[in-house]
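Student: I'd like a close look at just one part of this protein. Could you walk me through it slowly?

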Amino acid sequence: MASIQNNIAANTAFRNVATSSAGLDKQIAKLSSGFRINRSGDDAAGLAIANKLRAESRSLQQASRNASQANSMLQIADGAVNTIAGILDRMKELATASNSSSIGTQRTKLDAEFQSLAAEINRIAATTQYQGSALVNGTLGNAVTGGTYAGQAVLNGAQSGTYTFASAAGVATLSFGAGATLVTQAIAMPAGAGTYNFDKLGVSVTNAAGYLVDGVNTQTITVAGTAVNFQVSSSGAYAGNDLVSLAQVNLTTGATGLNVAGLDVLSAGNAQTALARLDTAIDLSNTAIGTIGAAQSRIEFATANVATVTQNVIAAESTIRDADMAMETTAFTKFQILQQAGIAMLAQANATSQNVLSLLR
């Protein structure tokens, strides 16, 4: 039918051009972004799954970095432990020499080196740190678990146990231990806000404004800890299988550590006592080497495993979110041709209406 009011052929061509243009726009978005899904409407279910996989891969990548950092920390600790083990070997050598009458009157020279080596053990234990945390003095992983200042105390090498305040006339004294192991530190604490660093004890306390120092008398801080944890995977067992633990290592010379403090080799009897203690200390150092080595081994395997898991999770997300460029290019070409053909046919359909004019002449 020859009609001027409604050109059905032109309307059909116009609708097809609009459809092919919309398809072409989507293909341009996919090819320019590299993603198959650029908005929720492209694939709502696929986008939800891809987002969950993306979050999991990000967590796994951080777990991998955690493992690398943990391994670096353990290597530092391992170096210190092996150095201390070597020092203990030399101390036993000196004690063995002192336990023999062949040393004559030269025991003081042996003891001078013996005491220096004992001091060096404590120095190494105190200064072997990673990110501010001492690694082999038995304080790694310690935290405030109770007492008055649970939310105000910051630890830096504090031993496990109870710290007690005494105060009078604006001076606060914090003490830890008893008898020969008692350590105290007094600091003037004027009224008002302030942070007070009891560095000898590894405890820093922040007071709020208006606080009266004498109010701290008999108050306590409880510190405890047995191990540190490293998250090396992200399976959802965040308090269990996702963690690798390292037990505390205490290689100080005190009674809670190697227990070689106060020894000397100034006599054969003292050398015999030292030898017995050193045998136990060497066993403890070897146990520490085993503890750190086992953790290193676990973390190395965990690192390899988390790398594989991360790779596969990223691959799974890619199959959902990423565009198959070859397939999308084919679709782009199709819509491009359809659009060009549609425009050409729309022009032809519009031209047919002009044929009606020949009937009016």
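Student: Which residue in β10 is the bridge partner of G147? Please take me through the sheet around that pair.

Tutor: Keep in mind that this is a predicted model. The bridge partner of G147 is I221, in β10. That pair belongs to the β3 and β10 pairing, where the two strands run antiparallel and are joined by 4 bridges. Now look at β10 itself, residues 220-224, where the side chains alternate. I221 and V223 point to one face and are buried, while T220, T222 and A224 point to the other face and are not buried. So what sits on the other side of β10 from β3 in the strand order? The order is β3-β10-β5-β6-β7, so that neighbour is β5. Strand β5 covers residues 161-168 and pairs with β10 in the antiparallel sense, over 4 bridges. Here T164 stands opposite T220 of β10.

Carry on along the sheet and you get to β6, residues 171-176, which pairs with β7 over 6 bridges, again in the antiparallel sense. In that pairing, S175 stands opposite T184 of β7.

Now step back to the whole thing: 5 strands make up an open sheet, with antiparallel pairing. Its edge strands are β3 (143-147) and β7 (183-188), each of which pairs on one side only. Ignoring direction, neighbouring strands in this sheet are turned by 25 degrees against each other on average. As background, strands of a sheet pair through backbone hydrogen bonds, either parallel or antiparallel.

Notes
Residues are numbered from 1 along each chain as its sequence is written. This is a predicted model: local features need pLDDT of at least 70, side-chain atom pairs count only at pLDDT 80 or more; totals for chains, interfaces and linings use all residues. Side-chain values use heavy atoms; hydrogens and water are left out. Two strands pair if DSSP finds at least two bridges between them. Axes are lines fitted to C-alpha atoms, for helices over the stretch in contact, and angles run from 0 to 180 degrees between N-to-C directions. Buried means under 20% relative accessible area, exposed over 50%, partly exposed in between (1.4 Å probe, protein chains only).
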